[in-house]
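I opened the model to look up one helix pair and one loop residue. My notes follow.

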Amino acid sequence: MSLFDVPLDELRSRTSQKWRRYPADVLPLFVAEMDVRLCEPVQRALADVVRRGDTGYPADRPYQEAFAGFAERRWGWTVDPTTIALVPDVMQGAVEVLSLLTDPGDAVVINPPVYPPFRDFVERSGRRVLTADLGEDSRLDLATLDAAFTRARADGRRAGYLLCHPHNPTGVVHTRDELRAVGELAARHGVRVVSDEIHAPLTLDGTFVSATTVIPDAIALHSASKAFHLAGLKAALAVPGPEALADLARLSDLVFMGVGHVPVLVHAAALTEGDTWLDALRGSLRENRAHLRGLLDQHLPLVGWVPGAATYFAWLDLRTQVPDDPDPGRRLLKEARVALNPGPTFGSPGTGHVRLNFATSPAILTEAIGRIASVLA
């Protein structure tokens with residue numbers, strides 16, 4: 001049974017951004033929220049902290065230890081929990097880590113099309129954004145990355161590289177060989193790698209390999225939030241590679257003070273006891289991905305999409321379908337009453353694209369693609 005069999009009227013009773021940003025006649029397939037019920041261990045952990053009044057400040061390392069066990073079970077990745085740092089969430093954690101490795105005015109390289117807050121957070125931290133667009137195959141382009149690293153280091157200043165792994169919005173999972181090549185390139189240029197790995201538990205095909213296991217001085221950011229539908233309970237972890245231990249040890253205690261005790265306990269419960277639920281979720285996502293593929297083939301065969309190996313996003317290329325519209329998401333919201341993420345917000349390679357969140361019921365996906373087809377076909 002699909003984990004996404006939640007009635008639409010129940011979903012519309014939710015008060016989070018996904019179900020409150022737009023009017024009730026709009027089907028929301030944009031923001032990274034899933035239309036699922038929380039897994040039982042998470043529900044139990046939430047109820048337990050309320051029952052015990054355990055809503056004070058965080059202590060000890062329950063989240064770090066839970067993550068270490070999860071990483072060992074799921075990926076064969078051995079992590080020392082005493083080296084992991086708590087951070088408020090992945091993006092704030094990335095900024096804090098980049099502040100250890102670069103100075104204000106230094107360059108940070110990103111790979112458009114990429115999660116829009118990458119640019120926003122980097123610029124807000126006082127760093128300069130340089131871009132190295134993905135290749136036509138939506139994978140990392142080493143020649144383009146080499147040129148960007150050269151520009152980033154041209155004035156002799158320090159530089160960083162904010163890697164998205166698995167990549168959002170394409171769902172690409174970088175291979176061990178790709179990560180190794182990136183690490184060699186970064187080392188040659190003196191660029192430090194920070195890897196956003198929040199979607200790692202949502203690898204649907206193949207194997208996830210953390211950048212820190214291949215690039216020794218990289219630092220990765222992890223959280224249970226995306227995989228377990230916990231965006232409203234923010235907490236994350238910074239995980240250093242073996243040659244980045246001293247760097248992460250310099251992280252200010254003020255960062256830790258921004259983390260809540262309740263999210264820590266809930267995330268720890270998800271990672272410790274949620275394997276069965278997560279496996280069922282990944283199975284349901286594979287089914288939804290196949291269902292979406294069939295709907296597009298039937299109703300919108302000109303829409304380009306290479307299903308990603310991870311995440312619950314579909315990066316749809318509408319340029320052949322609507323060649324004269326650089327931002328078709330606006331039209332689909334207005335005329336089809338379907339809310340998608342506009343492609344241009346992911347960078348210039350996003351022109352003519354939209355990002356669709358397929359972590360919902362097959363019925364909602366069917367209705368959404370039917371509406372879109374009625375406008376574009």
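**Helix pair**

I looked up α5 (residues 90-101) and α6 (residues 117-124) and found them packed at an angle of about 45°, axes 10 Å apart. Helices here are DSSP runs of H or I, at least four residues, and strands are runs of E, at least two, numbered from the N terminus. Axes are lines fitted to C-alpha atoms over the stretch in contact, and angles run from 0 to 180 degrees between N-to-C directions. α5 and α6 are therefore oblique to each other (not under 35 degrees, over 145, or 65 to 115).

This is a predicted model: local features need pLDDT of at least 70, side-chain atom pairs count only at pLDDT 80 or more, and totals for chains, interfaces and linings use all residues. Residues are numbered from 1 along each chain as its sequence is written, and side-chain values use heavy atoms, with hydrogens and water left out.

I then listed the contacts (heavy atoms within 4.5 Å). Met91, Gln92, Val95 and Leu98 of α5 meet Pro117, Phe118, Phe121 and Val122 of α6. I sorted the residues of this contact into seven nonpolar, one polar and no charged.

**Arg157**

I found Arg157 in the loop between α7 (142-152) and β5 (159-164). Is Arg157 buried or exposed? Arg157 is partly exposed, at a relative accessible area of 33% (between buried, under 20%, and exposed, over 50%; 1.4 Å probe, protein chains only).

Leaving out residues up to four places away in sequence, Arg157 touches Asp103, Pro104, Gly105, Asp106 and Ala152. I traced the Arg157 side chain to the backbone oxygen of Pro104, at 2.6 Å.

How values were computed:
Nonpolar A, V, L, I, M, F, W, Y, C, P; charged D, E, K, R; others polar. Polar contact = N/O pair within 3.5 Å; in protein donor to acceptor, adjacent residues only side chain to side chain.
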